[in-house]
Amino acid sequence: MEDISSKGKLFVISGPSGAGKGTIIKELLSQIEDVKLSVSATTRNPRPGEIDGVNYYFVELGEFQKMIEAEEFLEYARVYENFYGTPKEKVLRQLDEGYDVILEIDIQGAMNVKKAFPKAVFIFILPPSMTELRRRITGRGSETKEVIDLRMSKALGELSYMAQYDYCVVNGEVQEAVNRVKSIIVAEHSKVSSDIEAILNSFENEK
Ligand code: 5GP
């Protein structure tokens with residue numbers, strides 16, 4: 001029987017900056033196979049320790065605009081003062097090869113993906129509280145007070161979009177949050193509705 005769980009699914013993860021999406025995803029990738037994280041292109045400057053091609057593809061605005069014109073993005077958005085975009089070709093290839101692909105993107109981008117890929121699975125990551133969110137954003141040490149205030153007010157506004165997502169995971173304790181995301185992935189692969197044709201076909205072919 002064809003392994004129906006081998007079909008790649010697209011998971012979109014969003015949430016306020018500082019909610020801990022990056023930490024959860026990093027942990028998740030170290031714990032489960034067959035899941036790939038899409039590396040976005042961005043016009044923002046690298047933070048200390050960030051590596052080109054690993055965390056992001058860091059590009060100039062002109063190059064980003066050329067990529068838009070060449071329709072190289074699955075989606076792109078302006079977030080704060082910079083542009084971010086998901087390179088299309090690689091994501092589609094990996095899904096085709098049977099990998100699950102995670103996009104860690106902002107809400108505008110997620111809503112655009114929803115139009116293009118209604119079957120994608122949308123997960124919203126929440127901090128345990130706004131106080132904790134401010135502590136986490138401040139703790140990074142790389143942002144100015146203006147940027148922190150901007151991100152805090154944006155975070156409040158973003159909460160209203162949670163209803164557009166399929167799942168919500170509160171990131172209080174990292175491993176607990178990772179376990180929840182893992183459960184979502186397993187549950188999505190077990191859904192009858194998404195794979196019913198593959199299941200029926202494989203039984204038909206075995207007759
Ligand atoms: P940061 O600059 O903190 O790495 O990311 C800022 C925001 O941009 C985060 O909410 C992150 O999820 C979002 N982001 C990162 N890559 C992409 C992308 O390819 N597309 C969109 N729409 N948002 C992205």
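In this predicted model, a backbone N or O atom of Gly-85 lies 3.2 Å from an oxygen atom of the ligand. Side chains approach ligand oxygen atoms as well: an N or O atom in the side chain of Ser-40 is 2.7 Å from one, and an N or O atom in the side chain of Glu-104 is 3.1 Å from one. On its own the ligand has 510 Å² of accessible area, and the protein covers 95% of that.

The shell around the ligand consists of 16 residues, the closest being Ser-40, Arg-44, Tyr-56, Glu-75 and Tyr-84. Two strands, β5 (73–79) and β6 (82–87), each supply at least two residues of this shell.

Arg-44 leads on to the charged side chains. It is linked with Arg-47 and Glu-50 in a network of salt bridges. Within that network, the side chains of Arg-47 and Glu-50 meet at 3.9 Å, N to O. Arg-47 has a relative accessible area of 23%, so it is partly exposed. The structure holds 11 salt bridges.

Two further salt bridges lie within helices. In helix α5 (residues 130–139), Glu-132 and Arg-135 are three residues apart, about one turn of the helix, and their side chains meet at 2.9 Å, N to O. Glu-132 counts as buried because its relative accessible area is 19%, under the 20% limit. Arg-135, at 54%, is exposed. In helix α6 (residues 145–158), Lys-154 and Glu-158 are four residues apart, again about one turn of the helix. Their salt bridge has an N to O distance of 3.5 Å. Here Lys-154 is partly exposed, with 26% relative accessibility, while Glu-158 is buried, with 11%.

What does a buried nonpolar residue such as Val-181 touch? Val-181 sits in helix α7 (residues 174–189) and has a relative accessibility of 1%, so it counts as buried. Leaving aside residues up to four places away in sequence, Val-181 touches Ile-24, Leu-28, Ile-123, Ile-125 and Val-169. Pro-48 is 133 residues from Val-181 in sequence, and the two are 28 Å apart in space, C-alpha to C-alpha.

Nonpolar side chains also occur on the surface. Leu-200, in helix α8 (residues 192–206), is exposed, with a relative accessible area of 52%. Together with Val-192 and Ile-196, Leu-200 makes a nonpolar surface patch of about 270 Å².

Definitions and conventions
Residues numbered from 1 in each chain as written. Predicted model: local features only at pLDDT ≥ 70, side-chain atom pairs only at ≥ 80, totals over all residues. Heavy atoms only, no water. Patch = residues over 30% accessible without salt bridge, like charges linked within 9 Å, V, L, I, M, F, W, Y side chains within 5 Å. Areas by Shrake-Rupley, 256 points an atom, 1.4 Å probe, with all protein chains shown as cover. Salt bridge = Lys/Arg side-chain N within 4 Å of Asp/Glu carboxyl O. Buried < 20%, exposed > 50% of the residue type's maximum accessible area, 1.4 Å probe, protein only. Contact = heavy atoms within 4.5 Å. Near = heavy atom within 4 Å. Polar contact = N/O pair within 3.5 Å; in protein donor to acceptor, adjacent residues only side chain to side chain.
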